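Hi,

Here is the structure I promised to pass on. Have a look at it first, and then read on for what turned up when I went through it.

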Amino acid sequence: MTTDTDTASVPSPAPSGFDNDNRQAATIGDSARDYVNRLRGGDMGSLPAILGLVFLFAVFASLNDRFLTTYNMANLVIQSGSIIVLAMGIVFVLLIGEIDLSAGVAGGASATIIALMLIDYDWTWWAATLAGVAVGAVIGLAIGSLVAFLGIPSFVVTLAFFLALQAVPLKLIGSGGSLRFNDAVLRGLSIKNVPVTAGWIAAILIVVGFAALSLWRYRSLSAKGLVHKPLGLVVIQIAVLAVIVLGLTALLSANRAPNPELFEISGIPWVAPVVIALLLFWTYVLTKSRFGRHLYAVGGNAEAARRAGINVKRVRIMAFVICSSMAAISGLLAASYTGKVSPGSGGGNELLYAVGAAVIGGTSLFGGRGRALDAVIGGLVIATIPNGLGLLNQASYINFLVTGGVLLLAASVDAISRRRRSSAGV
Amino acid sequence: MPEPLLELRGVNKSFGVVHVLHDVDFAVYPGQVTALVGDNGAGKSTLVKIIAGIYGRDSGDYVFEGKKVEVHGPRDVAALGIEIVYQDLALCDNLDIVENMFLGREETSRFGLDEVTMETRARETLASLSVRTVKSVRQSVASLSGGQRQTVAIAKAVLWNSKVVLLDEPTAALGVAQTRQVLDLVRRLADRGLGVVLISHNMGDVLEVADRITALYLGRVAADVPAKDVTHSQIVELITAGRSGDLGIAENALTADV
Ligand SMILES: Nc1ncnc2c1ncn2[C@@H]1O[C@H](COP(=O)(O)OP(=O)(O)OP(=O)(O)O)[C@@H](O)[C@H]1O
Ligand SMILES: [Mg+2]
């Protein structure tokens, strides 16, 4: 791009009116005040989810002393994997103000294909996985095209797909049957762990990488006098991330076998690196790519996006393709956890759990707001409920009641904060 | 009279059975402010959206710098160097000022979006327009007042090396001081050699900054005259009745097919 004449032809630019910018959040105190103002204005982000997680942990830990054991924590990580990945996909359709009710069964259908490729055709794990993800992508392409080109509300299109896609596993597996899912690598995602040393190396790399990136960003922004966070806040963020990542690594690196004298279970479950890789990748896409920016724009004001020359139809279709492809990976993780694929896979609560996870995490049902990280935080909340209740030997109806209640609560927080945002204008 | 930068010839546009524009000729000259006036529903915004490539036209030619061009969407129009500030501003409330200004034309570096370049250029542009009322270029557009949003929308149009800028009622929602700023800005853009189109219902504003006036009446061009040749009351007559003395549409054309 060339420098435009409009700015270049002004010999000495009038004094900029943005002196406030550099003063705006110069200290941690200012940042804290900004944050409180944002909360007041209804921009809650992931705060409700984090408070909810703390609350659930406190309740379950006080009711059952097995809840906080490293064994159960590792279980929680494994159980939350498929919900988190599905929720991450859902974030993309919620971002553009749409919904995908078929994501759960799309995952089931894809997992069926993966299992069949492994069993009937002896494909290797990665080829079978690619086939499954391709099935997801095609489903998303079909849904997205119907929504974007015909203008059918996504609610209706995906409801139809929710019904129709359940036929796929039913036809391929037969009612009452199931396909075993015991490929060493894919099943291993849930039952095997990263070697302890490798886990530590990866954890340290993540912390160092995050620190380097944050500090580099701080330096390049502050050197040019652009809007940036105060150094203190950057350091605090790095410290918090380091505590979480290194703390969890330490926790999961200890021997967590129920009877440690007899055998050893230690290391980060393989699900975790899969989730983290997806989190990093999609965070990059959402925050640093043009496509990500366009997703937010379409969700915020589709007409403005169209006038800005953005291909709104393409963005819409891509959101559904990403959602269904992530659903395929989620279906794979679910199958890896249970060790089998059955005709009902993905047709249960998976979808509502995932929508709940995304919304609890801070993604808006009304479009334009959301992050990949929301899915992780919200997914942990949703997974904690059945995990904790399971330890308490509660009847499963309680689980439905509690999860339904949490979903309703999250949607209410979303709706209320949206109202406050529009009145506070934040 | 220099060659027009942008010219529409014999444009017709219907929405279903509603015939909104009838054989409209419209020209924009470099270094001049062309005011487009007309009553509510006269078809001004529709004409702007046709120029913007948002609506197709049923017939007529689109001529840019003397050559007939085919435009198939906002992207083609932006590529020609035509920028539009819409009546309904069309900003994304969930994005900040910089993000809005670069929407659809984001700068990228090897690592993805180049926020440093974008924020720097956005600041320079806003500063060159002497915009001092926004607190931070990173505040979300939802938190801006109507006038501030207008300023952002104009700055967005000026950011690009544009040749023609169309402003659809840019001062309608503004206070006295901000209206002054916008009008000065409109004049300055024309003085830099751009072709500027100003749509406004305020005849005082129009007479102050416009070089030419094109009046639309029920989708027809009633007059296309130098601003210095008409008076305030003549423009009002052209807008409300489609004619004023020997200017305007002949009676029979009016009754022909409305
Ligand atoms: N998308 C559309 N579909 C159908 N009719 C439309 C559409 N857009 C505009 N019209 C009609 O076209 C006519 C001209 O509208 P337009 O918005 O161009 O008027 P305008 O001159 O900009 O008026 P205003 O001064 O109120 O902004 C009106 O009768 C309007 O109802
Ligand atoms: Mg209008």
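**A helix that is mostly out of sight**

Let me start with H14(A): nine of its 11 residues are buried, so this helix is largely enclosed by the rest of the structure. The buried ones are Phe291(A), Gly292(A), Arg293(A), His294(A), Leu295(A), Tyr296(A), Ala297(A), Val298(A) and Gly299(A). Before you go further, keep in mind that this is a predicted model.

**Across the chains**

One residue on that list deserves a second look, namely Arg293(A). Which residue does Arg293(A) pair with in a salt bridge? The partner is Glu99(B), and the closest N and O atoms are 3.4 Å apart. This pair crosses between chains: Glu99(B) belongs to helix H3 (residues 97-101) of chain B, while Arg293(A) belongs to helix H14 (residues 290-300) of chain A. Are the two buried or exposed? Both Glu99(B) and Arg293(A) are buried.

The pair is also part of something wider. Arg293(A) and Glu99(B) belong to a network of salt bridges that also takes in Asp96(B), Glu115(B), Glu119(B), Arg123(B) and Arg138(B). If you want to pull up the charged groups around this spot, that is the set to select.

**Other salt bridges**

Counting over all chains, the structure holds 23 salt bridges. Here are two more of them.

- Within chain A, Arg316(A) and Glu98(A) form one, with 3.4 Å between the closest N and O atoms. It links distant parts of the chain, 218 residues apart: Arg316(A) is in helix H16 (residues 312-338), and Glu98(A) is in the loop between helix H5 (70-95) and helix H6 (103-120). Glu98(A) has a relative accessible area of 15%, so it counts as buried, the cut-off being under 20%.
- Within chain B, the side chains of Arg187(B) and Asp211(B) meet in another, at 3.4 Å from N to O. Here the two residues are 24 apart along the chain, with Arg187(B) in helix H6 (residues 176-191) and Asp211(B) in the loop between helix H7 (203-209) and strand S11 (212-217). Arg187(B) is partly exposed, at 23% relative accessibility, and Asp211(B) is partly exposed too, at 26%.

**Chain B as a whole**

Chain B has nine helices and 14 strands. For its 258 residues, a compact globule would have a radius of gyration near 18 Å, and the 19 Å found for chain B agrees with that. Its C-alpha atoms fill a box of roughly 65 × 40 × 35 Å along the principal axes.

How much of chain B is buried? Buried residues make up 59% of the 258. Of the contacts with a separation of 6 or more, 65% are between residues 24 or more positions apart. Chain B exposes about 10000 Å², and carbon and sulfur atoms supply 50% of that area. As for charge, chain B carries 26 positive and 34 negative charges, and their mean positions are 4 Å apart.

**One glycine to finish**

Where is Gly41(B) found? It is in the loop between strand S3 (33-38) and helix H1 (44-52) of chain B. With 73% relative accessibility, Gly41(B) counts as exposed. Its C-alpha atom is separated by 31 Å from that of Asp191(B), which is 150 residues away along the chain.

Over to you!

Conventions. Residues numbered from 1 in each chain as written. Chains lettered and ligands numbered in written order. Predicted model: local features only at pLDDT ≥ 70, side-chain atom pairs only at ≥ 80, totals over all residues. Heavy atoms only, no water. Helix = DSSP H or I, 4+ residues; strand = E, 2+ residues; numbered from the N terminus. Rg over C-alpha atoms; globule rule 2.2 N^0.38 Å. Buried < 20%, exposed > 50% of the residue type's maximum accessible area, 1.4 Å probe, protein only. Contact = heavy atoms within 4.5 Å. Areas by Shrake-Rupley, 256 points an atom, 1.4 Å probe, with all protein chains shown as cover. Lys, Arg positive; Asp, Glu negative; His and termini not counted. Charge placed at Lys NZ, Arg CZ, Asp CG, Glu CD. Salt bridge = Lys/Arg side-chain N within 4 Å of Asp/Glu carboxyl O.
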